[in-house]
Amino acid sequence: MNSATYNIYTFDTFEKLVDRFVASTGLYFPKLSEGKDSFFKGFYNWLSAEKKNSNFALIAPEPSQALSLPNPAQVLYSALKPVINSPSEDCIFEYLYKYGLDPSISTQPITTLSGGEMLLLNYAKAEAQADYAERFIASNPIFWLNSSRYHYWLNLKELYSSKQKSIDVIVLNGDTYFDNTDSENDFNIKPLEFKLSIQEPKVCFPEIRFPIYHAARAISYKCHKEIIVKSPFLITGDNGVGKSIFSGMLSSIVDINSGNLSVEAINGAASCRLVFQEAVSQCFALTPVKLISGVFCADYEKKLLAQNFFQRLISEFNNHEELQMSDNNIYTLLSLKIALIAERLADKPALLLLDEPGWGLSCKDAQLLVYKVALLAHELGIALGIVSHQPTWHKFAASKLTLKRLSQNEVDIEYESF
Amino acid sequence: MNRFNFFKIHLVKPFWLRFIIFIIVGLPLFSNFPALFISQILSKFFNPEFALIISYPLISFFIWLFCLPSLGLNKFLDYMSAAFLMALTTVITSSLLQNLFPFIFMENAYAASVRLLRLYFNVLAVFPWSLTFINSFSPDSIINALTQLRTPFREAGLHFALALRVFQHVGTVVSKLLLIWKERYPSLLVMRHTGENKKIKFIFAWVRWLAYSVIDWVYASIILTFEPIPAMVNEFEILSERNKKNDFSEK
């Protein structure tokens with residue numbers, strides 16, 4: 001019988017974390033942040049590598065990476081199939097319930113789930129695999145969760161321990177739960193005000209009829225007011241409440257079906273730009289230099305401005321060994337995030353939204369990045385919003401928008417100024 | 001709604017029967033024989049040349065009817081808009097090349113037109129047919145069914161299931177990339193930052209931007225499609241191995 005061990009490994013960069021994950025699992029999880037050449041080389045390495053024993057449950061560095069099937073019902077059905085001959089719908093619902101997930105998501109495409117919901121689905125899957133998985137390897141297993149849901153991790157950990165199975169946790173330095181060494185730095189940012197008008201915006205998602213039926217759904221934000229918001233501000237709320245959809249509406253990538261949502265800044269601009277939580281995909285496999293050159297190919301002035309912002313933010317990370325090597329074609333998630341932010345700042349929008357800016361960064365790097373971006377944005381008259389449930393951002397925020405679920409389709413927005 | 005279930009191909013069971021029906025219905029897309037057969041029947045009523053020409057849209061129409069009940073009107077129209085875009089781009093490009101390099105395409109104008117017409121209707125039918133085909137099979141069901149087989153088809157079937165899932169994943173990747181693209185370029189086909197370029201300069205900049213955008217899309221689509229393959233392979237192996245063990249222990 002295996003003796004159960006519980007190990008926590010911490011790293012200071014996302015790239016080192018992925019390296020460790022690859023070494024532990026024998027699976028090649030590509031470091032897209034290093035560019036397409038590195039990706040293809042790594043993929044070849046995986047193809048030509050000898051097959052390792054792969055009988056483990058895992059949570060990948062990005063929660064969607066280990067969910068190979070199209071929807072939660074299929075993911076759980078397949079995970080349960082080796083232990084239950086024909087898992088029923090009720091059995092699948094039970095696993096979803098157990099991890100605080102609404103059974104109605106069982107037929108929803110995985111890609112439309114929020115980061116937190118994906119992570120909870122990984123938990124449910126890991127529990128379903130507990131009887132036959134030899135080990136459990138989890139990368140950033142708490143990051144996407146609201147603190148009210150941390151107990152689900154404890155339950156899962158307890159389950160694996162009771163079955164005498166080893167657990168390896170791989171996290172970044174300063175992880176809220178596993179390595180709570182939050183810096184005591186005082187981040188002093190002079191607030192900047194802008195007007196946010198919320199008039200009961202509503203978003204409808206049509207029904208999906210093929211290949212699996214999924215009912216239509218809608219999210220209605222029950223709030224009708226104009227607020228003078230103090231930047232930097234925090235958009236927070238429970239997992240799956242609709243934070244990312246709200247940011248999508250603000251940045252006009254999610255169409256509003258009724259009502260309205262608009263911003264008006266002191267620099268006269270009314271647009272909003274967003275840096276997604278999946279910053280790596282957002283770069284379209286481009287390097288920071290190519291990203292900036294491509295976006296501003298017809299606007300030389302803005303290109304110079306963006307390059308200048310990029311260099312200015314990069315220079316703030318003097319002690320960051322890997323980032324300083326970025327001139328030698330070694331790119332990191334941090335440099336990609338900086339490039340995305342620099343590109344948006346050069347656009348001079350009214351509002352810049354950073355969705356989970358801490359994902360893939362150590363706590364120290366994430367805090368320094370957001371602090372420096374806030375200073376630069378305010379200098380340009382751009383308001384800054386942070387979309388997150390991480391408690392670490394409270395010390396940056398001058399105000400907070402809290403999204404609270406009223407019913408399955410209704411969300412309330414509360415504003416609080418500090 | 002349920003009265004149409006009989007016509008929904010993705011609900012046909014077992015999965016191998018569904019596969020055979022798909023192949024039979026899609027046969028005209030890969031072979032000239034069905035079009036010639038239809039044109040022979042139609043030539044009894046019409047001019048033989050007209051009969052041949054009309055057989056292509058008839059086949060496409062039949063394939064659309066085959067896909068429509070499964071897809072539903074909205075999804076069908078989504079697929080058709082992409083199909084029309086692709087068909088027009090292919091035919092216009094082919095026609096341009098044919099006129100620019102006539103020495104490569106050694107055929108008369110009538111034969112070339114019929115060929116392009118066939119190509120046009122083929123693309124219009126292939127697009128919805130192939131997307132319906134790819135999404136009508138569930139890889140995990142295939143794996144579960146295959147574990148009960150003891151033939152060499154088992155390994156091939158597992159590879160087929162994996163390939164199918166990768167193709168299904170392409171759709172996810174494209175919709176994800178489209179959202180990212182919309183954030184960066186709200187007009188989708190025009191760059192966000194045009195500077196103060198005059199018309200001619202802007203056109204040159206736009207053509208350059210468009211060319212680079214196509215390259216970016218190709219690379220990003222390939223990379224993001226390949227990204228989860230190692231995890232998929234791992235998961236499919238676990239599924240297959242565990243199901244096989246259970247199957248043996250039951251016997």
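Here is a short chat about how chains A and B meet in a predicted model.

Trainee: Hi! Any ground rules before I look?
Mentor: Sure: it is a predicted model, where local features need pLDDT of at least 70, side-chain atom pairs count only at pLDDT 80 or more, and totals for chains, interfaces and linings use all residues. Residues are numbered from 1 along each chain as its sequence is written, chains are lettered from A and ligands numbered from 1 in the order in which they are written, and side-chain values use heavy atoms, leaving out hydrogens and water.

Trainee: How many residues of chain A are in contact with chain B?
Mentor: There are 56, and they touch 61 residues of chain B; contact means heavy atoms within 4.5 Å.

Trainee: And what area do the two chains bury?
Mentor: About 5200 Å², with 63% of it on carbon and sulfur atoms. Buried area is the accessible area (1.4 Å probe) that two parts lose on being put together, summed over both. A:Ser68, A:Phe210 and A:Phe284 supply 17% of what chain A buries against chain B, more than any other three residues.

Trainee: How many salt bridges are there between chain A and chain B?
Mentor: Four, counting a side-chain nitrogen of Lys or Arg within 4 Å of a carboxyl oxygen of Asp or Glu. One such salt bridge joins A:Asp255 and B:Lys182, whose closest N and O atoms are 3.5 Å apart.

Trainee: New topic: which domains does chain B have?
Mentor: Domain 1 (3-137) and domain 2 (140-250), with bounds from an automatic or database domain assignment. Their centres, taken over C-alpha atoms, are 24 Å apart.

Trainee: What area is buried between them?
Mentor: About 540 Å², of which carbon and sulfur atoms give 82%. On the domain 1 side, B:Phe15, B:Ile134 and B:Phe137 supply 79% of the area buried against domain 2.
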